[in-house]
Amino acid sequence: DIVTDGLSPNGIQIEGQVLYYAAGPNINRVDISSDGRAGASSVHYAGPALSYIDDFAVLEGRMLLARTIPPALVALDAAAPFGTAPELGTQDMGLDAIPSSVTYQSDVPAGRSLFPAGSAIVTSEFGGGLYLVSANAP
């Protein structure tokens, strides 16, 4: 479906029994049944029209999106059951720092950490560079 899947589905993540994938401006979700088959699918996050999500990371239901058009990092809260994920905040990025891929420090293989636990590492598609994003502690 070109409306919900966009022109070219991109990033993909699995957390628990849910598969998430970036699809144009949206993050879609597909439940994974106990036998491993695809279950119900839905739009998890509906981004602005004419935007494009390149990659994202998920941790305990929260997400950090690398949006390339317009360039920004977008933080999402966990979605309520049968609902869509609300935005927590957006950090606009310049055209020289278009975000491309995202990973959480906790996703890095075991060993000595390069970055603080719970932080996200973002690469830039065109301008190059590595960005460290840390959440403020409450």
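Let me start at the hairpin of β5 and β6, where two residues lie between the strands and glutamate 60 takes a positive phi near 55°. Please keep in mind throughout that this is a predicted model, and that the angle I have just quoted is computed from it.

On either side of that turn, β5, which covers residues 52-59, and strand β6, which covers residues 62-69, pair in the antiparallel sense, and seven bridges hold the register between them. If you would like one pair to look at on the screen, take alanine 57, which stands opposite leucine 64 in β6. Is β5 mostly covered or mostly open? Six of the eight residues in strand β5 are buried, so that strand is mostly covered, taking buried to mean under 20% relative accessible area. For the protein chain as a whole, buried residues make up 36% of the 138 residues.

Stepping back to the chain, we have one helix and eleven strands, and the helix comes at the N-terminal end of the order, with the strands following it. As for contacts between residues at least 6 apart in sequence, 33% of them join residues at least 24 apart.

Now to the later strands, where β9, β10 and β11 form an open sheet in that order, with antiparallel pairing. β9 (99-104) and β11 (130-133) stand at the edges, and because each has a single partner strand, one side of each is left without a neighbour in the sheet. From one strand to the next, the twist in this sheet averages 25°. Looking at one of these pairings in detail, strand β10, residues 120-124, is joined to β11 by four bridges, and the two run antiparallel; within that pairing, isoleucine 121 has leucine 132 of β11 as its bridge partner.

The last region I want to show is the second largest pocket, which holds about 190 Å³ of space. Which residues lie nearest its centre? They are Arg29, Ser42, Pro81, Phe82 and Gly83, out of 13 residues that line the second largest pocket. The elements that give two or more residues to this lining are β3 (26-32) and β4 (38-46), and β4 gives the most, with five residues. In character, the lining of the second largest pocket is mixed, since its residues divide into six nonpolar, five polar and two charged.

Definitions and conventions. Residues numbered from 1 in each chain as written. Predicted model: local features only at pLDDT ≥ 70, side-chain atom pairs only at ≥ 80, totals over all residues. Heavy atoms only, no water. 1 Å grid on protein atoms, 1.4 Å probe; cavity = no way out; pocket = protein on both sides within 12 Å on 5 of 7 lines; lining within 4 Å. Points joined across faces, edges and corners; volume = space filled by probe spheres on them. Pairing = 2+ DSSP bridges. Axes fitted to C-alpha atoms, helices over the stretch in contact; angles between N-to-C directions. Buried < 20%, exposed > 50% of the residue type's maximum accessible area, 1.4 Å probe, protein only. Contact = heavy atoms within 4.5 Å.
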